[in-house]
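Work through the exercises below with the sequence and the structure side by side. Each task is followed by a solution in steps.

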Amino acid sequence: MKIDAVQIESELKIDRAVIEINGGCNYSCTMCPQDMRTGGRDKRFLRKMNLLEFEDNVRDCAKHGLRVVNLEGSGEPTLNRNLPEYIKIVKKYGAKCFMFSNGFRMQGQFMKDCVDAGLDFYRFSFIGYNKEKYNEWMYNTQGGNFDLICNNIREMQEYVEETGSDCVVATYHLITDNDNIDHELDAYVNLVDDLGVKTEIWKMHNWSGVYDIGENERKGETKTCGRPFSPDVVIRAGGLDGKTGAVAPCCQVLGQDENAVLGHTSENTIEEIWFGDEYSKLREDHKNKTYPDYCKTCDFLLDDPEVLVYTNHERDLMKMHGTEFDLNDYRE
């Protein structure tokens, strides 16, 4: 579909780009489609994005008002040993650099180099409020990482304070049993109070229907999640047919990446993809509630106001960290 360049420049706005620099992961978490014990992720999406390709993607998005870049997508960014160089590229283009990670490698000189490179926000994904629960939900072949993650959090906080960095250290938790929500909430709050971090505790989600959450199923009216209309883009490291930089509707399609490709940045600019046939059809489907297969059983379509169970810092429901937009504004 041919798009007028003036139309593109005047209409496209990107507030946040989730650019996945590594599609693989060193964990096999029970609630995640990356879990190798249940087949893992499509191998075509397990590649790493090199620095040149990453900068091309950041530069392209920066033409349209980019404010925040997340480095994870659906993989583990700390597996890239030159991670500080990716952070420096984000800062070069005047954006904030955010990272959501399991935190296993975020320690020692590697952690310090990331903070020194200009990292603005680092969130430890931390499922399980004690050693037993952590090992049940966040599986790693080395095992027993609950204390290690707690130590990494404290070490990173100490370095941030010592250097006067503006980097925010935070945690993210999931309620694993809605029937025990009060108990789990109390246990998590005790943990984060001890760690002294900003945190969010959410109900579990089903990865666009790929993961069966059983009794923890969300309830609510079905309506668009708002993502196809928001100034938020997701770029994978891998892609189809030897291409790279697959653009996805959101991170929730992990587990069916191959079915949810809207274009590839190795072939087209982000604006060409944004206004292309696949992305345009997705928006029409969300308007008409004729959701594609990779969306139609996603519980992010459910208007459940109780999914954010707890936070100890001010934050509007569904508003992205560091961004100016609120997904609720796009759910109508």
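**Exercise 1. Classify the lining of the second largest cavity, then place that cavity in the fold.**

Solution.
Step 1. This is a predicted model. By class, 10 nonpolar, 3 polar and 1 charged residues line the second largest cavity.
Step 2. Find the centre. The lining has 14 residues, and C225, C250, H286, C295 and C298 lie nearest the centre of this second largest cavity.
Step 3. Assign elements. Helices α9 (277–288) and α10 (293–296) each supply at least two residues of the lining.
Step 4. Give the volume: about 110 Å³ for the second largest cavity.

**Exercise 2. Decide what bonding state the model gives its cysteines, with C295 and C150 as test cases.**

Solution.
Step 1. Recall the chemistry. A disulfide is a covalent bond between the sulfur atoms of two cysteines.
Step 2. Set the cut-off: the two sulfur atoms must be within 2.5 Å.
Step 3. Test C295. The closest cysteine sulfur is that of C225, at 6.5 Å, so the pair is too far apart for a bond. C295 is buried, with a relative accessible area of 10%.
Step 4. Test C150. Its closest cysteine sulfur belongs to C29 and is 15 Å away, again too far for a bond. C150 also counts as buried, at 6% relative accessibility.
Step 5. Check the total. The search of the whole structure finds 0 disulfides.

**Exercise 3. Trace the neighbours of strand β1 and the path from β1 to β2.**

Solution.
Step 1. Sort the side chains of β1 (residues 16–19). R16 and V18 point one way, A17 and I19 the other. All four are buried.
Step 2. Take one neighbour. β1 and β2 (residues 68–70) run parallel, joined by 3 bridges. The bridge partner of A17 in β2 is V69.
Step 3. Follow the chain. From β1 it passes through helix α2 (residues 51–62) to β2, a right-handed β-α-β crossover.
Step 4. Take the other pairing. β1 and β8 (residues 232–235) are parallel, with 4 bridges. Here V18 has V234 as its bridge partner.

**Exercise 4. Lay out the whole sheet and explain its edges.**

Solution.
Step 1. Write the order: β10-β9-β8-β1-β2-β3-β4-β5-β6-β12. This is an open sheet of 10 strands with mixed pairing.
Step 2. Look at the ends. β10 (263–264) and β12 (308–311) each have a single partner strand, so one side of each lacks a neighbour in the sheet.
Step 3. Inspect a pair within the order. β4 (residues 121–125) and β5 (residues 168–175) are parallel over 5 bridges. S125 stands opposite Y172 in β5.

**Exercise 5. Characterise the largest cavity, and relate it to the sheet.**

Solution.
Step 1. Count. The structure holds 3 cavities of 30 Å³ or more.
Step 2. Give the volume of the largest: about 900 Å³.
Step 3. List the centre. Of 41 lining residues, F100, R123, S125, Y172 and W207 lie nearest the centre of the largest cavity.
Step 4. Assign strands. β1, β3 (96–101), β4, β5 and β6 (198–203) are the elements that give two or more residues to this lining. β3 gives the most, with 3 residues.
Step 5. Classify. The lining of the largest cavity divides into 21 nonpolar, 12 polar and 8 charged residues.

**Exercise 6. Describe the second largest pocket.**

Solution.
Step 1. Give the volume: about 170 Å³.
Step 2. Name lining residues. Among them are N206, Y211, D212, E217, R218, C298 and D299.
Step 3. Classify. The pocket lining has 4 nonpolar, 4 polar and 4 charged residues.
Step 4. Link back. C298 lines this pocket, and C298 is also among the residues nearest the centre of the second largest cavity.

Methods. Residues are numbered from 1 along each chain as its sequence is written. This is a predicted model: local features need pLDDT of at least 70, side-chain atom pairs count only at pLDDT 80 or more; totals for chains, interfaces and linings use all residues. Side-chain values use heavy atoms; hydrogens and water are left out. Buried means under 20% relative accessible area, exposed over 50%, partly exposed in between (1.4 Å probe, protein chains only). Two strands pair if DSSP finds at least two bridges between them. A crossover is right-handed if, with the strands pointing away from the viewer, the path from the first strand over the helix to the second runs clockwise. On a 1 Å grid over the protein atoms alone, a cavity is a set of points where a 1.4 Å probe fits but cannot get out, and a pocket is an open set with protein on both sides within 12 Å along at least five of seven lines; lining residues have an atom within 4 Å of a point. Grid points are joined across faces, edges and corners, and a volume is the space filled by probe spheres set on the points. Ala, Val, Leu, Ile, Met, Phe, Trp, Tyr, Cys and Pro count as nonpolar, Asp, Glu, Lys and Arg as charged, and the others, Gly among them, as polar.
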